[in-house]
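Biologist: Could we go through this model together? I should like to begin with how the chains are arranged.

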2 protein chains.
Amino acid sequence: MGVVLYPGFEVLDVFGPVEMWANVPDFKVVLIAQKLGPVKSAQGVSVVADFDFEAAPALDIMMVPGGIGTYAELGNPVFLDFLRKQDQTTEFTTSVCTGSALLAKAGLLKGHRATSNKKFFSLAVSQDSSVTWIKHARWVEDGKMLTSSGVSAGTDMALGLVARIYGKDRAHALAHVLEYQWNEDPTQDPFAIQ
Amino acid sequence: MGVVLYPGFEVLDVFGPVEMWANVPDFKVVLIAQKLGPVKSAQGVSVVADFDFEAAPALDIMMVPGGIGTYAELGNPVFLDFLRKQDQTTEFTTSVCTGSALLAKAGLLKGHRATSNKKFFSLAVSQDSSVTWIKHARWVEDGKMLTSSGVSAGTDMALGLVARIYGKDRAHALAHVLEYQWNEDPTQDPFAIQ
C-alpha cells in the first residue's frame, strides 16, 4: 500500500494509518511523491518519498493525506492524473482529512458517499457536488472508497480497513498492541458540525 | 522542542506528539539524530533529521521515542551522552513507549516515577531499579520528566504537556481542531498489565 505525499501534508494524517498498516504482516507501506526524496510537511519536518510517480508500483491500497498543501495540489494536473491512474487498479482508495478534496477533484468520488475534515468541509464539497458529503462521520466506506474526517480520524479509518479485510478481532488486537483506543464505530463523531 | 531519532524508531511515537506540538504556535519542532539526513523507522519509511548531535540546538523540550531500535541505542554511548547533555538544560524531558528505557539507561530517571510500553515493560525496568516503574498509567509526570506508555499513549502525553504549560482548555481546543479524542486522565489505562 502507498501513501501519496505532497509538500504541506499533515504528519498525523500519514503516520497514524502508516503505524496501523505497517504492523499488519501482509502489508508493505511505501511513500510516494511527484519527486523522489524529502517532502516537507505542514509541521515543518520532512519525510522521504521512496518512489516518484513514474517509478511507483501499482498499489493495492492508495491513501491520500490532507494538509495545507492540499490547496496547491488541487491545481496540479500531474498529481491528479497519478491518483486517477492508480485508482484504476487499487483494491481500496482511501483518504484522510482534506485528502478527500483531492480525490473529489480527480473525479474519483463521483456519485459516492464521502467525508472530510470538519474545518475545511466546504473545500471538499466545492470540488464535486455529485458526491454525497456526510458531515457526521468518523469515516465513510462506500465500495472501495474509504474517506475519513480530520487528522486523527484517519487512524480509526485505517483500523476500519484492517477490520474490513481481516475482521474486527484482528483490528482490535492490533489496536491493543499499539495501545490505541480505537473509535470503531464510523458513525460516532464527536466533532460533527451541523 | 526536539525529537531524538534513531534507526528503528516507531513512527506514531514520533508523529502523534509532533502533530500536537507543531500546532502550538509558540513551539518549533525539530528532528535530531546522530547523523544528519534520512533515518529509517521500524515501519520501513524514512524521515529526515534536521540536525546531527553536534549541530543540535539546546532543547527546551526533548522527546525520545520508542521502537525496535531501542535495543541498539541502549549500547550506544554517543546516543546516551547526547540525552544526558540535553537534559541538563531542558525544561521538560519526555519519552514515548520504550524511549523511557533509554532515559533510564542514561541515568535520567534515577529516583523518579515513570512508565513504559506494556509489551516491553521489563526492558525499561531492567535499566534502572531505582525508578518507581508504574504499570497502570497512560503517562506519568514527575517533575520535568514525562514518560508515556506504548505508541498511541504518546499523543495523550503530548497533550498533557500542552495542558501543563498552557492549561487544560488549550489542550482540549487543540485536540478538537485535530479531531482527536484525548484520553486526558493519565491514570486511566485500559492496556495496563498486572
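Modeller: Certainly. Please note that this is a predicted model. Chain B is superposed on chain A by a rotation of 180° with 0.0 Å of shift along its axis, and the RMSD is 0.0 Å.

Biologist: What relation is that?

Modeller: That is the relation of a two-fold axis. The same surface serves both copies, since 100% of the contact residues of chain B recur in chain A.

Biologist: Which residue of chain B comes closest to the rotation axis?

Modeller: Val47(B) does, with its C-alpha at 2.0 Å. Val47(B) is also one of the residues that Leu5(B) touches.

Biologist: What else does Leu5(B) touch, leaving out residues up to four places away in sequence?

Modeller: Its other contacts of that kind are Leu31(B), Ile32(B), Ala33(B), Val39(B) and Ala49(B).

Biologist: And the largest nonpolar core: how many residues has it, and which have the most contacts inside it?

Modeller: The largest nonpolar core has 126 residues, and Leu5(A) and Leu5(B) are those with the most contacts inside it. In soluble globular proteins, nonpolar side chains tend to be buried together.

Biologist: Changing topic, where is Phe53(A) found?

Modeller: Phe53(A) lies in the loop of chain A between β4 (46–49) and β5 (61–64).

Biologist: Why is Phe53(A) classed as partly exposed?

Modeller: Phe53(A) has 18 other C-beta atoms within 10 Å, whereas a buried residue requires 20 or more and an exposed one 12 or fewer.

Biologist: Which residues does Phe53(A) touch beyond four places in sequence?

Modeller: Phe53(A) touches Ile32(A), Gln34(A), Val78(A) and Phe82(A). Ile32(A) is 21 residues from Phe53(A) in sequence, and their C-alpha atoms are 6.8 Å apart.

Key:
Residues numbered from 1 in each chain as written. Chains lettered and ligands numbered in written order. Predicted model: local features only at pLDDT ≥ 70, side-chain atom pairs only at ≥ 80, totals over all residues. Least-squares fit on C-alpha atoms with pLDDT ≥ 70 in both. Contact = placed C-beta atoms within 7 Å. Helix = DSSP H or I, 4+ residues; strand = E, 2+ residues; numbered from the N terminus. Core = buried A, V, L, I, M, F, W, Y, C linked by C-beta atoms within 7 Å.
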